[in-house]
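Reader: I am new to this structure and would like a close look at a single part of it, namely the pairs of oppositely charged side chains. Could you take me through them slowly, with enough of the surroundings to place them?

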Amino acid sequence: MRFERSIRWIHALLATAAFAGCRGVEHLNYLGDADLQYYKTKSLEIEYPNVDDPTPPEVAYSQAPRTVKDAEVESYWDLSLQDAVLIAIANNKMIRSRGEFLNGGVLLRNPTNAPSVYDPALRETGFLFGNRGVEAALADFDAQFTTSLLFGSAQNVQNNGGFINPGFVLENDTAAFASALQKTFANGGTVALNHNWNYLNTNTPAPLLYPSSYNGFAQFSYTQPLWAGAGVDYNRIAGPVRSGLGAITGVSQGVSISRINVDISLADFELAVIQMVKDVEDLYWELYLTYRQYDAEVANRDSVLQVWTTINAKRVAQSAGGGSASESLARANYLETRARVENALATIYSTENQFRRLLALPVNDGRLIRPSDSPLQAEYVVNWDSALLESLMRRPELRRQKWQIKSLELQRLAAESVVNPQLNFVSSYQLNGFGNDLWSYDTSGYNSAYGSLTRGEQSSWTLGFQFAMPIGFRQARSQLRNIELQLIKAKSALTSQEQDISHELADAVQRIDAAYMVAKTNFDRVIAADRQLRDIKLAYDIGGANLADIGRVNIDLLTRTQSNRTAAEVAFVTSVVRYNQAIAELHLRQGTTLENSGISLEEGPWSEGAQDDALRRAWARSFARPNEWLESQPADFASPVPFPKTDLSPSSANAGSQTPTPAVPPGPAEAAYPPPVPAPAAPGVDTIPE
């Protein structure tokens, strides 16, 4: 029965709780009237940050993009390749690449990882563990000053006998002052100056010299690692040991490794700049190609329009039924060529838009960019041995990997030091002081604590060694083995990189030769197409006395010959552009892209304070005597590499890779590369003649 009553009570409590939960929010009553505020019905709605960063004027005030429908151009901007590269370098703080356009590249998805001109400085000023710059690594050797001043008071009832009666309230007023100045040297040694005072004022009835007294000391101490973590080399590679006795881990936080990491970031920055310059040059020549394609299509359209106009005029002059098939064919050919002109014009606008993006220019500033330089049409002779040697010395990827190898070599040196016990030499000397007052003109006896301290009558010292070692050195040996394996892999990667670079260079040389041969063949193709078109037109003019004679020459053959002439010209210009792009690819694979564009990267100058400090230390070393038992200067691990000097004269048998020598393609006597056709203004929309 009791169990059943308990069950009923539980059910009743649950029902009451459910009823109370269904009542909703209880209405609250306050004095006065108020509006409902600070209440949001949604917690995960999309919100936009309030960032006060105005849109740049080149974006906010850019004109509408050009379209084929509105083909009128206010003016042209004849831009050279050198100026285009300089504009791209000057305008792009965030380094753009061609492949990211319309693909949601890293600049839009994750701009933090996008390359920029700020990356080397960000690396130089890094301060987090594992990502420290040189200044943060040098901060380990900065002098550290600490101080504290604490006051206190305590009242305690005494429950013991002796000099103090039980129940006596002992009152102690205290103060503690502590200060320390510590400095770590490049050899790992640490020197410290400590100065402490303790003040006590007590009401104890026990016999004391002074109820109010100062007790303190001034201490000088020096600690020097002798085994693991000792020496200038270790401390410059791994940084000083601050954890005291125990296992030493991490050998990549020193000044040398931080400096190498900065050089690696410079190589990454250079690679990004090189790729941007290469993209600018490729798009420049492709924009040139679009203009030449447009010129050829316009010429073809005008020629087809002339044929159609002639046939249409003859059809109108004669009977209405005659020649309708030829006129319809000519009309269809004209509409086809007109569509190709419109597509060519759209390609100009699209390519110019991409080119403007790489140059960080507005979408439309009222001018249409038009390349003013002509592509190289002379033969570009490449000396394989010189080009291969130059690529193995100049490629930033190899320099970056060699810095990685040097970093791992230094880390291995530091890791070898860690696979040893820690043995530290420790020493200290201390002057003790005691007095009734901290400072007094009467320094006799113990009237002045500083007087007692400066007399040096009470002193103490320590001298000895500290030793610690993990049994087995399991962690230290694992660290050393891991770094050795990383070093082996890095050297293998360098060998593979050099092999891949040789294949890349070979591919670039092959592409140059192939593009040049194709360009010569396409040029002969243009000449052949010109002759064929001239012969067809001659036959057409001879047989075109009346409409019936048109059948002697196929109108379709005439229009196809005109199209073949246009295709031959486009193919020739395309092959010339591909030839110049292949030369740019050779510079990329050879590591001479920036030099070929007149660009050089330099590190910023030292600050004035750093120069003065370096000069002062240089004078100090000049007056010092060298000690053959000490390593006063670390070995250099970086040096400039002299580049090979090649004879760039065309007559030299070992012509350098940058020596273009003129060459006339084979063929008839008139077969010579024609000068580039200047791009005309964009035409308006044509109308079909009746």
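Author: The protein, seen here as a predicted model, has 16 helices and ten strands. Of its 690 residues, 37% are buried, and the protein exposes about 41,400 Å², of which carbon and sulfur atoms supply 56%. Among contacts between residues at least 6 apart in sequence, 77% join residues at least 24 apart.

Before the charged pairs, one helix shows how burial can be arranged. In helix α3, which covers residues 81–91, the buried residues are Leu81, Ala84, Val85, Ile87 and Ala88. Seen down the axis of α3, these buried residues fall within an arc of 160°, and they therefore line one face of the helix. The spacing is easier to follow with the geometry in mind, because an α-helix has 3.6 residues a turn and residues three or four places apart point the same way.

Turning to the charged side chains, those of opposite charge can pair when their charged atoms come close. The count in this model comes to 27 salt bridges, and a few of them deserve to be taken one at a time.

Arginine 132 forms a salt bridge with aspartate 140, with the closest N and O atoms 2.8 Å apart. Buried here means under 20% relative accessible area, so arginine 132, at 12%, counts as buried, and aspartate 140, at 16%, counts as buried as well.

Another salt bridge joins the side chains of glutamate 484 and arginine 481, at 3.6 Å from N to O. These two residues are three apart in helix α13, which covers residues 474–542, and are thus separated by about one helical turn. Glutamate 484 counts as partly exposed at 23% relative accessibility, and arginine 481, at 46%, also counts as partly exposed.

Helix α13 takes part in a further pair, in which aspartate 530 forms a salt bridge with arginine 565, the closest N and O atoms being 2.1 Å apart. Because aspartate 530 lies in helix α13 while arginine 565 lies in helix α14 (residues 555–590), this pair ties together parts that are 35 residues apart in sequence. At 29% relative accessibility, aspartate 530 counts as partly exposed.

Finally, there are salt bridges that share partners, and through them Lys278, Asp282, Arg395, Glu397, Glu504, Glu585 and Arg589 are joined into one network.

Methods: Residues numbered from 1 in each chain as written. Predicted model: local features only at pLDDT ≥ 70, side-chain atom pairs only at ≥ 80, totals over all residues. Heavy atoms only, no water. Buried < 20%, exposed > 50% of the residue type's maximum accessible area, 1.4 Å probe, protein only. Helix = DSSP H or I, 4+ residues; strand = E, 2+ residues; numbered from the N terminus. Arc of directions from axis to C-beta. Salt bridge = Lys/Arg side-chain N within 4 Å of Asp/Glu carboxyl O. Contact = heavy atoms within 4.5 Å. Areas by Shrake-Rupley, 256 points an atom, 1.4 Å probe, with all protein chains shown as cover.
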